[in-house]
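Got the structure open in your viewer? Here's a tour of what to select, stop by stop.

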Amino acid sequence: MKLDISKSGVVLSETIKAKAEAANELLYSGKGKGNDFLGWVKLPSSIDEAELAAIEAAAAKLRAKADLVICIGIGGSYLGAKAVLEAMSNPFQLLKKEQTNPTVLFAGQNISEDYIYELMEAAQEHSIGAIVISKSGTTTEPAIAFRLVKAAIEARYGKQEAAERIVAVTDKARGALKTLATNEGYPTFVIPDDVGGRFSVLTPVGLLPLAVAGVDIRALVAGARKMEAATAPEVKFDDNLSAIYAAVRNELYAAGKRTEILGSYEPRLQYINEWWKQLYGESEGKEHKGIFPASVTLTADLHSMGQYIQEGERTLFETIISVAEPKHKVVIEADGENLDGLNFLAGKRISEVNRMAELGVQLAHVDGGVPNIRIEIPRIDAEAIGALLYFFEKACGISGYLLGVNPFDQPGVEAYKKNMFALLEKPGYEEATKAIKARL
């Protein structure tokens, strides 16, 4: 993986370098804010053979029983697996007659009645299983989805067989889901106490659904392990890609760049963007501070958001994930009539055109006052994606500490729940119900 900050307009001082190195040290010493949620820092190197084998065995069992596995979770219990799965999947696989792997679909990430109805309607045509992911088992969105999916599996197969088709990823000792899994005999995997949801993709939260879908989770972990070693505290700043990225984005923030746009010229990376937005938004957006994380998929969004990026408020900077080598080869052929005027591209690969668009856009945006950071991965495969995920996680921890916030809590996410429960007249919220109805 490569990181190019030459178009960022930032010259890193020795002061910011020292601060970034100190922030990285805090992630290992455990003396910083949120130090009870640092289990992700050494997670890749701590995953052992026994854990990988257990995940693969549970995945193989689900794969043998179901051709559709519904993965239920929200936030970090959903986005990591979704991001890697989208990156690793052929988007047109469903059009092929033969499916080599079960289809993994997601539920519990919204409360849309139409979404869950249409998912359950489609599931009637398939042999189904489920992975339910929740530390507590009481988070509203996934709890509603699991109640419906569980009932459908039990109605079709009976409770005994349902216990063979449902796997729970939850707390090791307590919570509603842990109690239910114990009572019903579901196989379980543990969400580590010291790993927050948005940092959990390399735990069973992400690895189990990915293994079910046929993703090489060993390669994913191997890539993360390499990046863990490459961003360790003993690695000097100038070689530490995560520290450099964290330092540059904080210097841009200090200079008035309040929004970071993450983009890529490969549509398969769209959900990497979504995962990244949660990672940085939930980690840094507190105490009325933080860079606002936004995203684009290019070149498509050049025809929508491109105008704003080029000429809108100059409070933006861009980070582009570039892919060095595509998986497939498609060459543009000459056309005898040349009505579209594209014969000058004859003989070129589409990836070459895409790359020139990327470089041309970068220069245009820089000329328009939008600093650019460029991250290059060699290809889209499990190892490269594993490295990319850990790179962003490590940079997020460093960046949060540079900003002066606790990157590992999320106190603001509870505000909407109190209002929602009051409006739904949940027991115990009687006074809040009266108050909020008066406001409405």
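First, a term for the road: contact here means heavy atoms within 4.5 Å. Helices (H or I, at least four residues) and strands (E, at least two) are DSSP runs, numbered from the N terminus. You're looking at a predicted model, where local features need pLDDT of at least 70 and side-chain atom pairs count only at pLDDT 80 or more, while totals for chains, interfaces and linings use all residues. Residue numbers start from 1 along each chain as its sequence is written, and side-chain values use heavy atoms, with hydrogens and water left out.

**Stop 1: helix 10**

Select residues 217-230, which make up helix 10. The expected span of a helix is 1.5 Å times one less than its number of residues. For the 14 residues here that gives 20 Å, and the end C-alpha atoms are 20 Å apart, so the two agree. Now colour I217, A219, L220, V221, G223, A224, M227 and E228, the buried residues of this helix. Buried means under 20% relative accessible area, exposed over 50% and partly exposed in between (1.4 Å probe, protein chains only).

What covers those buried residues? Show helix 1 (14-29), helix 2 (43-46), helix 3 (49-65), helix 4 (79-88), helix 9 (204-212) and helix 15 (382-403), which are among the elements that do. Before leaving, zoom in on the start of helix 10, where a side-chain oxygen of D216 reaches to within 3.2 Å of the backbone nitrogen of R218.

**Stop 2: L52**

Pick L52 in helix 3. L52 is buried, at 4% relative accessible area. Leaving aside residues up to four places away in sequence, L52 touches I47, L207, I217, R218 and V221. Try a distance too: the C-alpha atoms of L52 and L208 are separated by 9.3 Å, though the two residues are 156 apart along the chain.

**Stop 3: helix 4 and helix 9**

Show helix 4 with helix 9: their axes come within 8 Å and cross at roughly 35°. Axes are lines fitted to C-alpha atoms, for helices over the stretch in contact, and angles run from 0 to 180 degrees between N-to-C directions. Light up A81, V84 and L85 of helix 4, then V205, G206, P209 and L210 of helix 9, to see who makes the contact.

**Stop 4: the open sheet**

Next, bring up the five strands that form an open, parallel sheet in the order 3-2-4-5-6. Two strands pair if DSSP finds at least two bridges between them. Strand 3 (103-107) and strand 6 (188-190) stand at the edges with a single partner each, so one side of each has no neighbour in the sheet. From one strand to the next, the twist averages 20°.

Strand 5 (residues 166-170) joins strand 6 through three bridges, and T170 stands opposite V190. Add helix 8 (residues 176-184), which packs on the sheet against strand 4, strand 5 and strand 6, its direction making about 145° with that of strand 5. Then add helix 5 (residues 113-123), lying across strand 2 (68-72), strand 3 and strand 4 (128-133) and running at about 155° to strand 3.

**Stop 5: strand 10**

Finish at residues 372-377, strand 10, where six of the six residues are buried, so the strand is largely enclosed by the rest of the structure. N372, R374 and E376 point one way, while I373, I375 and I377 point the other.

Which strands pair with strand 10? Strand 1 (residues 2-4) does so in the antiparallel sense over three bridges, with L3 as the bridge partner of I375. Strand 9 (residues 316-323) pairs in the parallel sense over six bridges, and there V323 stands opposite I377.

Conventions
Polar contact = N/O pair within 3.5 Å; in protein donor to acceptor, adjacent residues only side chain to side chain.
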